[in-house]
Amino acid sequence: MYILALESSCDETAASVVSCDTKKHPNGIRKNIRILSNVIATQIDVHRQTGGVVPEVAAREHVGKMLPVIETALSQAQVKITDIDFFAATTGPGLITALMVAAETAKVLSLIYHKPLLPINHIEAHIAVNFIHGTAIRFPALALVVSGGHTELILLPRVGAYQLLGRTRDDAAGEAFDKIASLLGLSYPGGPAIARAAEKGKAGTPTLPRPMKDKKGYEFSFSGLKTAVFYATKDQKITPTLQANTAREAQEAIIDVLVHKTAKAIDEFRSETLFLAGGVAANTLLRERLTTMAAAKNILFFKPDMVCCTDNAAMIGVAATQYLDVKKRAKPQDIRVNPQWELV
Ligand code: KG4
Ligand code: ZN
């Protein structure tokens with residue numbers, strides 16, 4: 001089976017060809033999932049000029065880039081469009097006009113080539129990209145979802161089933177990285193900029209809070225951390241040392257809370273597998289800390305390759321492998337984007 005998957009929910013225009021077998025492993029995951037191409041046209045340089053994503057600007061950029069990105073994805077995979085069995089596109093959550101570009105393009109392809117269109121949830125896709133590990137995965141599994149718009153702990157009792165354990169009450173982890181970076185005069189996107197600056201920094205100067213760390217349950221809150229950074233740096237000259245130290249401590253604070261709550265959830269729900277998902281999964285320190293924690297608990301830990309952490313279409317294609325034998329499907333022309341589509 002060949003799937004052509006499209007993604008344009010925020011600031012990356014992406015297309016990917018994913019292949020798989022029709023058969024499934026005993027754990028319910030489709031056999032032989034392969035990412036044959038994963039093409040991403042990033043808009044980072046455009047949005048750096050405004051320090052963040054302006055939705056209409058993002059949508060216009062997607063319109064210009066979508067078709068060339070699809071052509072490259074097909075040619076890199078050495079698959080003809082007439083060989084595609086399913087089209088898939090992110091239909092939410094995300095920025096409405098941006099989402100519409102991938103969704104409308106996929107609808108047209110689906111109608112022209114008479115192949116089904118699978119509408120895919122962006123957050124499910126961030127988690128499901130880990131399903132390429134196939135039969136090695138054991139359930140129940142826990143997913144730590146950390147992106148620009150989401151911070152959630154989600155339990156998967158089995159493949160395709162999602163239970164929300166807790167989410168952020170305010171800012172997402174990626175948003176905290178981005179806003180703190182902006183306070184420190186670091187460039188967009190903030191996550192990688194903080195991680196780079198932190199390499200030369202010293203933790204504990206200033207000391208920042210670990211919000212919600214010792215509270216019961218699995219809710220997060222990161223807006224207070226941003227305020228703490230504001231007051232810790234207010235009226236000070238932003239020197240490279242202040243930048244590095246504050247970045248280091250802020251990164252430590254965010255990761256400390258994420259790892260602590262994740263470890264608690266693993267114990268309470270006896271998860272056999274941990275999935276890391278979302279753009280913040282690209283953070284090297286977070287990957288290392290979770291690797292150590294999962295090893296200490298003797299559970300499986302899967303994290304996406306770097307290129308599959310931030311937004312991409314391969315994750316949409318891999319998520320789509322779960323929906324190939326759904327019997328009743330909406331007609332492509334009836335599929336609508338939903339900017340607020342919550343997975344759970
Ligand atoms: O999943 P994603 O690409 O887009 C959304 O669905 O939101 O996540 C983007 C987020 C941004 O907030 C960005 O700063 C963060 O992921 N990010 C990182 C790193 N790379 C990207 N955060 C921390 N460390 C990184 N290396
Ligand atoms: Zn994302």
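These notebook entries record what I looked up on salt bridges and on one sheet in a predicted model.

**Entry 1, salt bridges overall.** I began with the charged side chains and found that the count of salt bridges comes to 18. I then went through several of them one by one, noting where the partners sit and how accessible they are.

**Entry 2, Arg 30 and Asp 325.** I looked up the salt bridge between Arg 30 and Asp 325, in which the closest N and O atoms are 3.3 Å apart. This pair links distant parts of the chain, for Arg 30 lies in the loop between strand S2 (12-19) and strand S3 (34-42), while Asp 325 belongs to the segment after helix H10 (314-320), 295 residues apart. Arg 30 is buried, having a relative accessible area of 4%, whereas Asp 325, with a relative accessible area of 40%, is partly exposed.

**Entry 3, Asp 45 and Arg 48.** Here I noted a salt bridge with an N to O distance of 3.2 Å, and both residues lie in helix H1 (residues 44-48), three residues apart, which is about one turn of the helix. Asp 45 counts as exposed because its relative accessibility of 55% is over 50%, and Arg 48 counts as partly exposed at 39%.

**Entry 4, the network around Asp 171.** Which residues are linked with Asp 171 in a network of salt bridges? I found Glu 175, Lys 179 and Lys 226 linked with Asp 171 in this network. For the pair Asp 171 and Lys 179 I recorded 3.3 Å from N to O. Asp 171 is buried at 7% relative accessibility, while Lys 179, at 31%, is partly exposed.

**Entry 5, the sheet.** I turned next to an open sheet of five strands, whose order is S8-S7-S6-S9-S10 and whose pairing is mixed. Strand S8 (163-167) and strand S10 (300-302) stand at the edges with a single partner strand each, so one side of each has no neighbour in the sheet. From one strand to the next, the twist averages 20°. I checked the pairing of strand S9 (residues 273-277) with S10 and found that the two run parallel and are joined by three bridges; Phe 275 has Phe 302 in S10 as its bridge partner.

**Entry 6, helices on the sheet.** Helix H8 (residues 240-269) packs on the sheet, where it touches strand S6 (141-146), strand S7 (151-156), S8 and S9, and its direction makes about 160° with that of S6. Helix H9 (residues 284-297) lies across S6, S9 and S10, and I noted that it runs at about 175° to S9.

How values were computed. Residues are numbered from 1 along each chain as its sequence is written. Chains are lettered from A and ligands numbered from 1 in the order in which they are written. This is a predicted model: local features need pLDDT of at least 70, side-chain atom pairs count only at pLDDT 80 or more; totals for chains, interfaces and linings use all residues. Side-chain values use heavy atoms; hydrogens and water are left out. Helices (H or I, at least four residues) and strands (E, at least two) are DSSP runs, numbered from the N terminus. Buried means under 20% relative accessible area, exposed over 50%, partly exposed in between (1.4 Å probe, protein chains only). Two strands pair if DSSP finds at least two bridges between them. Axes are lines fitted to C-alpha atoms, for helices over the stretch in contact, and angles run from 0 to 180 degrees between N-to-C directions. Contact means heavy atoms within 4.5 Å.
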